[in-house]
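User: I have a model open and would like to understand the wording used to describe it. Could you take me through the reasoning behind the labels?

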Amino acid sequence: MTPDLQEAGAALLERHRLSSTASSSGGASFGRLVHGLQPDFAHGVALYLDEISVSFDGFKALNALSLAIDVGELRCIIGPNGAGKTTMMDVITGKTRPDSGWAHFGSNIDLLRLREPQIVRAGICRKFQKPTVYEELSVFENLELALVDDRGVPAALLARLSAAQRERIAEILQLVHLLPEAARTAGLLSHGQKQWLEIGMLLAQAPTLLLLDEPVAGMTDEETERTAELFLSLAGRHSLVVVEHDMKFVDMLTQGHRKVTVLHEGAVLAEGTLAEVQADAQVIDVYLGR
C-alpha cells in the first residue's frame, strides 16, 4: 500500500469509522443500536426537535425551535442567512449542545446524550456544502473505504471484497450516476460528480436520516436536475432534510405537495407547500422579497 493510500485511508476511517455496509439495495437501516436501544419509529417520526435554543455570545442562533421529520420524508428547509439552518444541523449531529430543549431520534433516543460518532452509528449522516472526497483515489476506492469495518483501513484495503460488498458498491455507483466513472481518479470528477460521490459514501453507511446542506451549490443545470432525481429516488427509503437557497431546485424536490419549512431568527416562520410559503407575507418580507 502506498503512503498516500495509507494516509487517505486513515483520514477517511476517522470520519467513517462507524460505517456499516447496507444489506439491501438502498433500504434505510432501522435496526441500529445505541447503548442497547433500537430507535423506535413506530409513530412514523424520524426526528423530533422541541423548543431548542442556542445562544452564541448573546446572539440567539436558535430560538425555541420545534420541528418533526417523518420517516421517509423529504423536507426542504429554506430561510435567509443567519436563520439558524446550520446551527440546527449542528445540534442534530452533536456538534453543538443547545442551551435548552430536546432532540430525539425516533421516540426513544435522546440525541443530546450522544457524542457525534454515536449519532452517526444511530443512523444520521450529514453532508456539508463543500464535497469531501479523497481525490487521489479512484471513485471505487472512495466507496470501498466508506465500507471499512472494524478491521481497520490497512486490513480492509488488503482484504478481498466480498461479492455482497462489490454488489453494494455497484448499486451505489449506479444510483449516484457514477458507474461509468468507477475507475476514474476522484480528483478528475466535476464538482457535481464529487457531490454525488460523497452522497454515495454516506449511503454506504445505510443512514436512516440524511442531512444535506446546499447540495447543488455550484452545479450545472443538468447536474442539478440529476441530483433532484437522485434525492427523489431516496425519499421513502431514507428521511432527507435538504437546506437550500435554490428555489428552482426546491420546486423540483417538493413537486407541489411536499412540505417546506422556512426558518427565520432561529425559529419556524412558516410551513406548507412551496406555493403556500411563497405567498406568505412574512416570508416575502424577510426572505423571498429581498
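User: What makes helix 4 mostly covered?

Analyst: Happy to help! This is a predicted model, and in it 6 of the 8 residues of helix 4 are buried. A residue counts as buried when its relative accessible area is under 20%, so helix 4 earns the description "mostly covered".

User: Which residues of helix 4 are buried?

Analyst: They are Val139, Asn142, Leu143, Glu144, Leu145 and Ala146. For the chain of 290 residues, 53% count as buried.

User: Why are helix 4 and helix 7 called roughly parallel?

Analyst: Helix 4 spans residues 139–146 and helix 7 spans residues 191–203. They pack at an angle of about 25 degrees, with their axes 8 Å apart. Angles under 35 degrees count as roughly parallel, so that is the term for helix 4 and helix 7. Their crossing is right-handed.

User: Which residues make the contact?

Analyst: Helix 4 brings Val139, Asn142, Leu143 and Ala146, while helix 7 brings Leu197, Gly200 and Met201.

User: How do you know how many of these are nonpolar, polar or charged?

Analyst: Each residue is sorted by type: Val, Leu, Ala and Met are among those that count as nonpolar, whereas Gly counts as polar. Asn is in neither the nonpolar nor the charged list, so Asn counts as polar too. The contact of helix 4 with helix 7 therefore has 5 nonpolar, 2 polar and no charged residues.

User: And how many helices and strands are there in the chain?

Analyst: The chain has 11 helices and 10 strands.

How values were computed. Residues numbered from 1 in each chain as written. Predicted model: local features only at pLDDT ≥ 70, side-chain atom pairs only at ≥ 80, totals over all residues. Heavy atoms only, no water. Axes fitted to C-alpha atoms, helices over the stretch in contact; angles between N-to-C directions. Helix = DSSP H or I, 4+ residues; strand = E, 2+ residues; numbered from the N terminus. Parallel < 35°, antiparallel > 145°, perpendicular 65-115°, else oblique. Left-handed = near helix turned anticlockwise from the far one by under 90°. Contact = heavy atoms within 4.5 Å. Buried < 20%, exposed > 50% of the residue type's maximum accessible area, 1.4 Å probe, protein only.
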